[in-house]
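This report describes selected features of the structure shown below. It takes up strand pairing first, then salt bridges, and finally the arrangement of the chains.

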Protein chains: 2
Amino acid sequence: MMNPYNTDLDRNPANYQPLTPIGFLERAATVFPDHTAIVHGSLRRNYADFYARSRRLGSALAQAGMGRGDTVSALLANTPAMLECHYGVPMCGAVLHAINTRLDAAIIAFQLDHALSRLVIVDAEFLPLLNAALELCEANPIVIVYDDAEFNGPRMPTAAMDYEDFVAGGDPDFAWLMPQDEWDAIAISYTSGTTGDPKGVVTHHRGAYLLAQGNALTASMAKHSVYLWTLPMFHCNGWCFPWTLSAIIGTHVCLRQVRAEPIWAALADEGVTHLCGAPIVMSLMISAPDTVKRDLPQPVQFFTAAAPPPEKLLAAMKDAGFDITHLYGLTETYGPAVVNDWHSAWSELPSAEQARLKSRQGVRYLPLEGLDVLDPETMLPVSRDGQTMGEVMFRGNVVMKGYFRNPKATREAFTGGWFHSGDLGVVHPDGYIQLKDRSKDVIISGGENISSIEVEETLYRHDAVAVCAVVAMPDEKWGETPCAFVELADGQVADGDMLKVWCRDHLAHYKVPRRFVFGPIPRSSTGKIQKFALRDQAREMQDRRISSLT
Amino acid sequence: MMNPYNTDLDRNPANYQPLTPIGFLERAATVFPDHTAIVHGSLRRNYADFYARSRRLGSALAQAGMGRGDTVSALLANTPAMLECHYGVPMCGAVLHAINTRLDAAIIAFQLDHALSRLVIVDAEFLPLLNAALELCEANPIVIVYDDAEFNGPRMPTAAMDYEDFVAGGDPDFAWLMPQDEWDAIAISYTSGTTGDPKGVVTHHRGAYLLAQGNALTASMAKHSVYLWTLPMFHCNGWCFPWTLSAIIGTHVCLRQVRAEPIWAALADEGVTHLCGAPIVMSLMISAPDTVKRDLPQPVQFFTAAAPPPEKLLAAMKDAGFDITHLYGLTETYGPAVVNDWHSAWSELPSAEQARLKSRQGVRYLPLEGLDVLDPETMLPVSRDGQTMGEVMFRGNVVMKGYFRNPKATREAFTGGWFHSGDLGVVHPDGYIQLKDRSKDVIISGGENISSIEVEETLYRHDAVAVCAVVAMPDEKWGETPCAFVELADGQVADGDMLKVWCRDHLAHYKVPRRFVFGPIPRSSTGKIQKFALRDQAREMQDRRISSLT
């Protein structure tokens with residue numbers, strides 16, 4: 001018999017609409033037009049204005065020829081303009097390409113070309129960087145310059161259009177475009193590219209809607225929460241928090257730079273309830289002088305990712321009034337898709353044990369349907385013994401559409417019906433996963449992913465380098481920094497300073513190895529470089545350095 | 001040019017899964033197996049057991065032949081079995097048909113037939129009612145009897161299978177069925193049927209997932225919230241709260257009967273944080289003797305619907321430590337889809353003004369994409385002046401699939417791309433809607449919808465009744481009660497008591513008119529009964545009665 005529940009009960013506009021986070025802002029502006037949406041320095045902007053300006057931006061972009069499937073890039077700090085881009089760009093049907101402002105010109109050039117960028121909105125601070133990139137790329141996007149009053153550096157003269165003028169030319173009542181399908185792209189974000197070129201991760205309206213809500217539920221974010229932007233919005237669209245805040249009618253507190261003083265000031269003066277960041281942000285806050293630190297008017301939720309928070313830092317943050325939650329995810333999962341969901345009974349344990357439990361990455365976010373550690377050969381789950389390694393894999397609605405213009409990488413990433421993270425981990429008996437190593441050669445420094453392969457390729461281009469290998473070295477401040485092992489070419493002379501200068505000229509600064517070690521590099525019998533041995537060596541060197549300093 | 005974001009970026013099992021609230025329970029049981037999921041009298045059941053029992057139920061149902069598109073009915077109080085049905089029934093692919101236990105046998109018989117019910121899970125208390133219904137209907141469902149330890153009434157002897165035995169025969173590791181499509185039906189709920197037969201509202205997994213999360217966001221429900229079941233789960237699946245609680249790893253506190261003593265006990269002893277109910281529940285709580293009332297250990301959120309909460313009650317509840325939120329919705333919208341989203345500034349206003357603001361139904365829930373008051377002729381929005389009447393209409397993902405086996409009613413309900421609620425209302429300048437009248441002849445008594453037409457049809461079957469009209473009469477306790485106006489047939493004699501007995505024999509008790517008025521019924525020039533005049537008359541009579549009593 002036919003299923004009677006599938007008869008005469010079809011989708012129609014009254015009972016089916018594409019999921020999109022744009023609607024969160026529309027609702028916030030309609031219901032709480034006067035509520036403060038954005039704080040930025042002395043600027044306070046309410047939801048009516050935030051929505052009207054986003055619609056103006058969407059309208060201006062449409063007038064400039066942007067529409068469905070066009071890429072609009074943003075090279076911006078955590079400013080109101082960046083928040084507006086998260087709504088205005090998809091409002092005209094275009095796809096937001098937020099660029100990491102710490103990258104070098106060559107990689108930005110690659111991204112602009114690969115993403116088929118048609119328009120770039122750039123902060124005045126990063127205009128020189130953009131111009132350098134534009135000289136290297138074939139793309140010829142329209143350039144709009146955002147001159148933020150909070151930027152106190154020098155301005156480069158430019159003929160490009162001013163962002164405020166551009167927005168002013170748009171219609172505040174713009175009838176923005178709903179996605180035709182909730183599977184339509186909303187954003188593209190490039191990974192650091194561990195092998196070969198960076199990959200463009202394409203996300204969609206459905207996933208952004210679901211992860212934005214997932215954040216609010218995971219973080220128990222009540223109506224009118226106040227969120228401080230220590231996390232760069234160019235990282236996976238700020239983990240979807242630009243959309244989360246509209247869902248709960250919250251307040252964004254912007255921040256151009258991650259410095260201790262404005263962070264503490266915002267916490268105390270703006271009543272911040274939530275913020276996100278790598279452990280480096282915590283270190284920065286805790287190591288601030290007492291004159292900068294402030295008493296908190298309420299408990300603050302801090303969401304951290306990139307590396308497990310160290311015990312000492314956890315204890316110090318707790319004393320200062322913060323509740324730390326450890327998250328994990330990738331650009332391919334819209335940001336955090338795994339949470340160290342805390343059991344209240346664990347808070348009774350000794351602090352070392354708490355830190356051990358908190359260092360685990362955890363369990364799936366509510367909108368992620370599947371998380372497991374599988375043997376990538378057999379695709380079978382590993383034993384839940386906290387010992388057996390496998391590859392961390394994801395499945396669900398907050399996994400990307402795929403890699404832009406890269407069907408081969410997309411196919412490989414989704415082999416066997418799971419997204420392969422490339423991260424190696426274990427599952428503990430209670431089902432919490434923990435990362436143990438990365439199968440991709442990624443170094444995470446201050447929350448930024450660095451491809452060891454990219455650094456190696458740069459070194460190989462130097463005449464003096466015959467063989468090299470770059471691995472992560474533990475670092476108290478940055479979590480990890482790159483450490484380079486080098487075998488010199490016959491008859492060549494080099495030292496660390498020479499190679500450091502070379503890297504500075506060819507890489508973003510944060511990717512430059514802090515340390516260069518010269519001598520034979522250990523290899524396996526088949527000639528493969530044994531990176532694990534190098535990592536051990538780097539760790540030991542660092543330990544010795546620390547103990548000699550203390 | 002083709003949209004490059006639609007190329008080689010297709011759905012696959014790694015990045016697309018049907019939305020379903022069943023996954024919330026799977027996650028809760030995996031991550032917090034030991035957390036208390038259900039409290040019922042002296043019973044405390046954790047999430048591991050709740051999940052295992054739900055899987056057993058799903059498995060047992062599958063063994064009994066239930067599968068995709070089959071209807072499983074539940075005639076249950078707010079018990080653990082009813083919660084298990086909300087997961088176990090969809091786990092085998094079947095559709096949950098929760099029956100209002102206050103209905104009479106004839107209407108239940110109609111529902112069982114119309115819904116093509118194949119199995120009924122019935123509380124021992126309602127077995128006599130079910131048996132009476134089964135005698136009237138053609139359906140011949142398997143009957144499973146749930147004998148709840150908290151039911152202290154007499155048991156009817158029965159040969160039907162015991163629920164615990166049935167569940168015990170299922171597999172606790174049952175590989176439950178994901179919906180094939182998130183549009184698959186999850187439940188069917190019958191409306192009171194104001195004209196003609198009751199209509200079977202079909203809801204789907206996608207909507208249940210979204211409204212369940214919408215509840216948590218709307219109610220700012222933090223992790224581990226504790227929810228008291230004063231709202232019957234047979235009303236729109238308890239407004240999706242059976243699923244919401246798993247999403248936030250909360251605790252259900254069950255309640256067989258809505259009585260003041262167990263409510264106050266649960267609030268104080270179980271740390272209840274949230275509950276829902278019609279204003280009658282508040283009255284019941286507030287009017288309880290002081291020996292029954294308890295001090296609350298924390299502020300409690302109370303969500304009310306069905307009628308605007310009166311000022312006096314609001315003030316009394318506030319004094320007792322409750323925060324009242326007014327919701328509005330219909331079975332067709334999974335329960336609440338509209339919320340009186342409160343502005344904190346309003347709390348500074350005089351209490352009469354607060355009550356006036358709170359009496360408005362409000363604005364759209366986050367997962368409802370559209371809410372408006374339209375002129376049903378032109379389908380244009382009415383002026384936002386708080387005066388111009390129109391029909392309240394809904395659009396979005398928490399609007400039903402349609403009416404079961406009733407394409408004509410479905411088509412009519414969705415005319416013009418909006419769901420027509422049948423409720424008349426206005427829009428205030430701030431966008432909040434307010435109901436002003438019902439175009440359907442519904443009387444809401446103690447949170448239950450009563451069709452005036454059904455009561456009239458019953459009266460018309462009495463020989464003494466020539467013409468009759470039933471309207472709502474205000475009632476301090478029940479909100480409204482039915483009031484009947486009757487013109488006697490020539491030569492016939494009757495009084496209120498006679499007709500009341502007649503109605504009792506043919507209607508559920510709560511539908512029986514409290515008052516009968518005899519005499520000529522006002523009609524328009526075209527002969528149409530002027531119900532508005534009768535409503536005025538009923539209101540005046542009631543006012544006089546109240547003032548003569550005080």
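In this predicted model, Ala74(B) has Ala98(B) as its bridge partner in β4(B). The two strands concerned, β3(B) and β4 (residues 95-98) of chain B, run parallel and are joined by four bridges. Ala74(B) also stands opposite Ile121(B) in β5(B). That second pairing, between β3(B) and strand β5 (residues 117-123) of chain B, is parallel as well and extends over five bridges. Between β3(B) and β4(B) comes helix α3 (residues 80-91) of chain B, and the three elements make a right-handed β-α-β unit.

How many residues of strand β3 (residues 71-75) of chain B are buried? Five of its five residues are, so the strand counts as mostly covered. In a regular strand, side chains alternate between the two faces of the sheet. For β3(B), both faces are covered. Thr71(B), Ser73(B) and Leu75(B) are buried on one side, and Val72(B) and Ala74(B) are buried on the other.

Salt bridges are the next topic. Over all chains, the structure holds 48 of them. Three are listed here with the distance between the N and O atoms.

| Acidic residue | Basic residue | N to O distance |
|---|---|---|
| Asp430(A) | Arg360(A) | 2.8 Å |
| Asp269(B) | Arg294(B) | 2.5 Å |
| Asp536(B) | Arg539(B) | 3.0 Å |

Asp430(A) and Arg360(A) form a salt bridge with their closest N and O atoms 2.8 Å apart. Asp430(A) is in the loop between β20 (419-427) and β21 (433-438) of chain A, while Arg360(A) is in the loop between α13 (351-358) and β16 (363-364) of chain A, so the bridge ties together parts 70 residues apart in sequence. Are the two partners buried or partly exposed? Asp430(A) has a relative accessibility of 33% and counts as partly exposed, whereas Arg360(A) is buried, with a relative accessible area of 3%. The cut-off for buried is under 20%.

The salt bridge of Asp269(B) with Arg294(B) links distant parts of chain B, 25 residues apart. Asp269(B) belongs to helix α10 (residues 260-269) of chain B, and Arg294(B) lies in the loop between α11 (279-286) and β13 (300-304) of chain B. Arg294(B) is partly exposed, at a relative accessible area of 36%.

Asp536(B) and Arg539(B), joined by a salt bridge, both lie in helix α17 (residues 531-549) of chain B. They are three residues apart, about one turn of the helix. Asp536(B) is partly exposed at 34% relative accessibility, and Arg539(B) is partly exposed at 38%.

Salt bridges also form a network in chain A, linking Arg45(A), Arg53(A), Glu84(A) and Glu164(A).

The remaining points concern domains and chains. Chain A is divided into domain 1 (370-438) and domain 2 (442-549). The C-alpha centres of these two domains of chain A lie 28 Å apart.

What turn lays chain A on chain B? A turn of 180 degrees does, with a shift of 0.0 Å along the axis and an RMSD of 0.1 Å. This is the relation of a two-fold axis. Of the interface residues of chain A, 100% are also interface residues in chain B, so the copies meet through the same surface.

Definitions and conventions: Residues numbered from 1 in each chain as written. Chains lettered and ligands numbered in written order. Predicted model: local features only at pLDDT ≥ 70, side-chain atom pairs only at ≥ 80, totals over all residues. Heavy atoms only, no water. Salt bridge = Lys/Arg side-chain N within 4 Å of Asp/Glu carboxyl O. Buried < 20%, exposed > 50% of the residue type's maximum accessible area, 1.4 Å probe, protein only. Domains from an automatic or database assignment. Least-squares fit on C-alpha atoms with pLDDT ≥ 70 in both. Contact = heavy atoms within 4.5 Å. Pairing = 2+ DSSP bridges. Right-handed = clockwise from strand over helix to strand, strands pointing away.
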